[in-house]
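Thank you all for making the time this morning. I would like to walk through one protein chain with you, so please have the sequence and the model open as I speak.

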Amino acid sequence: MTRRSFSRLSTYAAAIGLLAITAIKIAPSLAAEDAAIIPPPAADVQSANSIQTVVLAGGCFWGVQGVFQHTAGVVNAVSGYSGGSKTTADYQMVSTGTTGHAESVEVKFDPKKISYGKILQIFFSVVHDPTQLNRQGPDSGTQYRSAIFTTSDEQKKVADAYIAQLNAAKVYRKPIVTKVGPLEGFFAAEAYHQDYLTLHPNQPYIAYNDIPKVENLKKIFAENYIEKPTLVSSIKVTN
């Protein structure tokens, strides 16, 4: 059962109590991926004085956004689409897997409080499994691919080096398939996708696949975890 199936059940079946039944019937194979304990990058981007941005794709954007909204130093995390054109940046169109878009999260962070390298470490450790090609957990398709959309040459260089470092250390059983390339456009997703993990913590897909990611952040990156999420609905960042 895919995330879209869960979403439809949430919308149409809640009134007759089918969500609880669905949660019981979820197959064990749909469980959230285990977190990986990985070293930090050997090289990092030089610290800057202004807010920095990177766009990350690691499967369903609900969970990716949720993790970074609980990360100290992240000043805003917005769900959206990257990799395709503005005209196809629509959830229904992106869900066909034919637009070139990946479900992505625009992460704006304060480099004085958290480094780009730490953002990447969290991304590769608790956000998703970077060895899964065009899928993540129960979701499959190019829109769920693993990708880093960089906003500077230095960001790209650090990401490429980190992937090579992790592959050389064989911290995963399979090679990393994450693609790294310059950001050509980010388009915010529809309003109902924003802050989804916080607003729907008991939705079966969220509870089974994404809440464990936030719990892993709290356990593995305790010094970077904040209990109160930084929500799109409560903060606007223009830089």
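I will begin with the chain as a whole, then turn to its helix packing and aromatic rings, and finish with a few single residues.

Please keep in mind throughout that this is a predicted model, and that every value I quote was computed from it. The protein chain contains 8 helices and 8 strands, and of its 239 residues, 51% count as buried. If we take the contacts in the protein chain with a separation of 6 or more, 81% of them are accounted for by residues 24 or more positions apart.

Let me start with helix H3, which spans residues 61–69. How many of the residues in helix H3 are buried? The count is 9 of its 9 residues, and the helix is accordingly described as mostly covered. The buried residues of H3 include Phe 61, Trp 62, Gln 65 and Gln 69.

What does H3 pack against, and at what angle? Its partner is helix H8, residues 204–220, with an angle of about 30° between the two and their axes 9 Å apart. Since angles under 35 degrees count as roughly parallel, H3 and H8 are therefore roughly parallel to each other, and H3 passes H8 in a right-handed crossing. On the H3 side the contact is made by Trp 62, Gly 63, Gly 66 and Val 67, while H8 contributes Tyr 205, Ile 206, Asp 210, Lys 213, Val 214 and Leu 217. Sorted by class, this contact of H3 with H8 has 6 nonpolar, 2 polar and 2 charged residues.

The second helix pair to look at is H5 with H6, where H5 covers residues 116–127 and H6 covers residues 153–169. These two helices pack at an angle of about 45°, and their axes lie 11 Å apart. H5 and H6 are therefore oblique to each other, and their crossing is right-handed. From H5 the contact takes in Tyr 116, Leu 120, Gln 121 and Phe 124, and from H6 it takes in Gln 155, Val 158, Ala 159, Tyr 162, Ile 163 and Leu 166. By class, the contact of H5 with H6 has 8 nonpolar and 2 polar residues, with no charged residues.

One residue of that contact, Val 158 of H6, also leads us to a loop elsewhere in the chain. Ala 42 is 116 residues away from Val 158 in sequence, yet the two lie 8.8 Å apart in space, C-alpha to C-alpha. Ala 42 belongs to the loop between helix H2 (18–25) and strand E1 (52–58). Is Ala 42 buried or exposed? With a relative accessibility of 73%, Ala 42 counts as exposed.

Turning to the aromatic rings, the structure holds 5 aromatic pairs. In one of them, Phe 61 and Tyr 81 form a tilted pair, 5.8 Å centre to centre and with 50° between the planes. This pair links distant parts of the chain, with Phe 61 in helix H3 and Tyr 81 in strand E2 (residues 74–82), 20 residues apart. Both Phe 61 and Tyr 81 are buried. Elsewhere, ring pairs link Trp 62, Tyr 196 and Tyr 205 into a cluster, and you will remember Trp 62 and Tyr 205 from the contact of H3 with H8.

Now to two backbone details that deserve a careful look. Asn 134 has a positive phi of about 55° although it is not a glycine, and it sits in the loop between helix H5 and strand E4 (135–136). Asp 195 likewise has a positive phi, near 60°, in a residue other than glycine, and it is found in the loop between strand E8 (186–188) and helix H7 (196–199). Their surroundings can be read from accessibility: Asn 134 is partly exposed, with a relative accessible area of 28%, whereas Asp 195 is buried, with a relative accessible area of 3%.

Asp 195 brings me to my last residue, Leu 231, which is found in the segment after H8. Which residues does Leu 231 touch, not counting those up to four places away in sequence? They are Gln 69, Asp 195 and Thr 198. Leu 231 counts as buried at 16% relative accessibility, and its C-alpha atom is separated by 9.4 Å from that of Gln 65, a residue 166 residues apart from it along the chain.

How values were computed: Residues numbered from 1 in each chain as written. Predicted model: local features only at pLDDT ≥ 70, side-chain atom pairs only at ≥ 80, totals over all residues. Heavy atoms only, no water. Helix = DSSP H or I, 4+ residues; strand = E, 2+ residues; numbered from the N terminus. Buried < 20%, exposed > 50% of the residue type's maximum accessible area, 1.4 Å probe, protein only. Axes fitted to C-alpha atoms, helices over the stretch in contact; angles between N-to-C directions. Parallel < 35°, antiparallel > 145°, perpendicular 65-115°, else oblique. Left-handed = near helix turned anticlockwise from the far one by under 90°. Contact = heavy atoms within 4.5 Å. Nonpolar A, V, L, I, M, F, W, Y, C, P; charged D, E, K, R; others polar. Phe/Tyr/Trp six-rings, centres within 6.5 Å; stacked < 30°, edge-to-face > 60°.
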